[in-house]
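Here are some friendly notes to read alongside the structure. I have kept them as numbered points so that you can check each one in your viewer.

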Amino acid sequence: MKNPLETLIIPGGILLLGFLSALLLPAPQFGLEVSKQIQAQLHLQDLNQLYTIVFCLWFLILGTIEYFVIRFIWRRWSKA
């Protein structure tokens with residue numbers, strides 16, 4: 001039987017693991033030339049906006065990967 005709160009637990013787990021990833025893994029950094037090119041392509045005002053987007057995406061992606069890996073391990077070996 002599925003947990004009725006699973007629709008809330010999944011996004012919460014992803015965000016929590018993303019925040020924990022912020023402590024463990026550094027976000028990617030670009031060189032100045034690459035940053036300026038990306039800034040121009042995305043029509044951003046300054047590099048702070050670019051790195052805000054990069055950090056948010058990086059931590060959400062890491063949190064999602066970690067969540068699904070942990071969920072896979074839990075479901076695979078906890079029923080034994």
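1. Let's start with F72, which is partly exposed at 48% relative accessibility. This residue belongs to helix α3, the run of residues 47–77. Please keep in mind as you read that this is a predicted model.

2. F72 also takes part in a ring pair. Its ring centre lies 6.3 Å from that of W77, and with the planes at 85° the pair is edge-to-face, because an angle over 60 degrees is what that class requires. The centre distance also satisfies the pairing rule, since the limit is 6.5 Å. As for the partner, W77 has a relative accessible area of 55% and is therefore exposed, the threshold being over 50%. F72, at 48%, falls in the partly exposed class.

3. What lies over the face of W77? It is R76, placed at 5.8 Å from the ring centre. W77 thus appears in two of these notes, once with the ring of F72 and once with R76.

4. Both of those aromatic residues return in a surface feature. F72 and W77 join I53, L57, I61, I65, V69 and I73 in making a nonpolar patch on the surface, with an area of about 800 Å². If you colour by residue type, this is a good set to select together.

5. How many aromatic pairs are there by the ring rule? The count comes to five. One of them is formed by Y67 and F68, an edge-to-face pair with 5.4 Å from centre to centre and 80° between the planes. Which of these two is buried? Y67 is, with a relative accessible area of 13%, whereas F68 is partly exposed at 39%.

6. Ring pairs also build a cluster, whose members are F30, Y51, F55 and F59. F59 has a further neighbour to look at: its C-alpha is 6.7 Å from that of F19, although 40 residues separate F19 and F59 in sequence. F19 sits in helix α1, residues 6–24, and is exposed, with 58% relative accessibility.

7. Now to the loop between α2 (32–42) and α3, where H43 is found. The phi of H43 is positive, about 55°, even though the residue is not a glycine. That deserves a glance, because most residues other than glycine have a negative phi. H43 is exposed as well, with a relative accessible area of 69%.

8. Q39 is found in helix α2. Is this residue buried or exposed? Q39 is buried, as its relative accessible area is 11% and the limit for that class is under 20%. Its side chain reaches the backbone oxygen of Q45 at 3.2 Å, which is within the 3.5 Å allowed for a polar contact.

9. Finally, a pair to set beside F19 and F59. N48, in helix α3, is eleven residues from Q37 in sequence, and their C-alpha atoms are 14 Å apart. N48 is exposed, with a relative accessible area of 58%.

How values were computed
Residues numbered from 1 in each chain as written. Predicted model: local features only at pLDDT ≥ 70, side-chain atom pairs only at ≥ 80, totals over all residues. Heavy atoms only, no water. Phe/Tyr/Trp six-rings, centres within 6.5 Å; stacked < 30°, edge-to-face > 60°. Buried < 20%, exposed > 50% of the residue type's maximum accessible area, 1.4 Å probe, protein only. Lys NZ or Arg CZ within 6 Å of the ring centre and 35° of its normal. Patch = residues over 30% accessible without salt bridge, like charges linked within 9 Å, V, L, I, M, F, W, Y side chains within 5 Å. Areas by Shrake-Rupley, 256 points an atom, 1.4 Å probe, with all protein chains shown as cover. Salt bridge = Lys/Arg side-chain N within 4 Å of Asp/Glu carboxyl O. Helix = DSSP H or I, 4+ residues; strand = E, 2+ residues; numbered from the N terminus. Polar contact = N/O pair within 3.5 Å; in protein donor to acceptor, adjacent residues only side chain to side chain.
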